[in-house]
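Let's take a friendly walk through a protein model. Have a look at the picture first, and then we'll go from the overall fold down to a few rings.

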Amino acid sequence: LQMDYSLLIIICHSAIATVSFSINFLLLFSMLFFTPRSSRPFTILMIFHTVMEILNTLSSFSSMSRILLIDWHLVFISYGPC
């Protein structure tokens with residue numbers, strides 16, 4: 001009984017990216033609507049950081065990379081859900 005590990009890796013990668021996107025989006029939503037005015041300067045920095053994390057998650061979700069060693073050559077393969 002042989003298991004297809006590439007499908008399992010894609011499923012795990014997609015699940016982790018989905019959870020990361022959801023948590024960062026929830027954090028962004030809570031910072032935009034539930035932050036007191038007294039901590040507004042710090043919130044602007046946190047919003048910027050959260051938006052960058054969301055973009056990082058989306059780019060990571062759209063491509064997966066794999067490095068293989070064939071003889072004396074490194075082969076870089078990029079694949080993913082997109």
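A contact here means heavy atoms within 4.5 Å. With that in hand, look at the contacts in the protein chain with a separation of 6 or more: 39% of them come from residues 24 or more positions apart. Keep in mind that what you see is a predicted model.

**The overall fold**

What pattern does the protein chain follow along the sequence? Reading along, you meet α-α-β-β, which fits the count of two helices and two strands. The protein chain is more spread out than a compact globule, because its radius of gyration is 18 Å, well over the 12 Å that the globule rule gives for 82 residues. You can get a feel for this from the C-alpha trace, which spans about 60 × 30 × 15 Å along its principal axes.

How much of the protein chain counts as buried? Just 13% of the 82 residues do. The accessible surface, meanwhile, adds up to about 6,700 Å², and carbon and sulfur atoms own 73% of that area.

**A cluster of rings**

Now zoom in on the aromatic side chains. A pair of aromatic rings is described by the distance of the centres and the angle of the planes. Searching the whole structure turns up three aromatic pairs. Two of the pairs, both involving Phe29, are among them:

| Pair | Centre to centre | Angle between planes | Type |
|---|---|---|---|
| Phe29 and Phe33 | 4.9 Å | 55° | tilted |
| Phe29 and Phe34 | 6.1 Å | 75° | edge-to-face |

Why is the Phe29–Phe34 pair called edge-to-face? Its planes sit 75° apart, and angles over 60 degrees count as edge-to-face. The 55° of Phe29 and Phe33 falls between the cut-offs of 30 and 60 degrees, so that pair counts as tilted.

Where do Phe29 and Phe33 lie? Both belong to helix α1 (residues 5–34), and they are four residues apart, about one turn of the helix. Taken together, ring pairs link Phe29, Phe33 and Phe34 into a cluster.

Are these rings buried or exposed? Phe29 is partly exposed, with a relative accessible area of 40%. Phe33 is exposed, at 56%, and Phe34 is exposed too, at 61%. The cut-off behind those words is that exposed means over 50% relative accessible area.

Conventions
Residues numbered from 1 in each chain as written. Predicted model: local features only at pLDDT ≥ 70, side-chain atom pairs only at ≥ 80, totals over all residues. Heavy atoms only, no water. Rg over C-alpha atoms; globule rule 2.2 N^0.38 Å. Buried < 20%, exposed > 50% of the residue type's maximum accessible area, 1.4 Å probe, protein only. Areas by Shrake-Rupley, 256 points an atom, 1.4 Å probe, with all protein chains shown as cover. Phe/Tyr/Trp six-rings, centres within 6.5 Å; stacked < 30°, edge-to-face > 60°.
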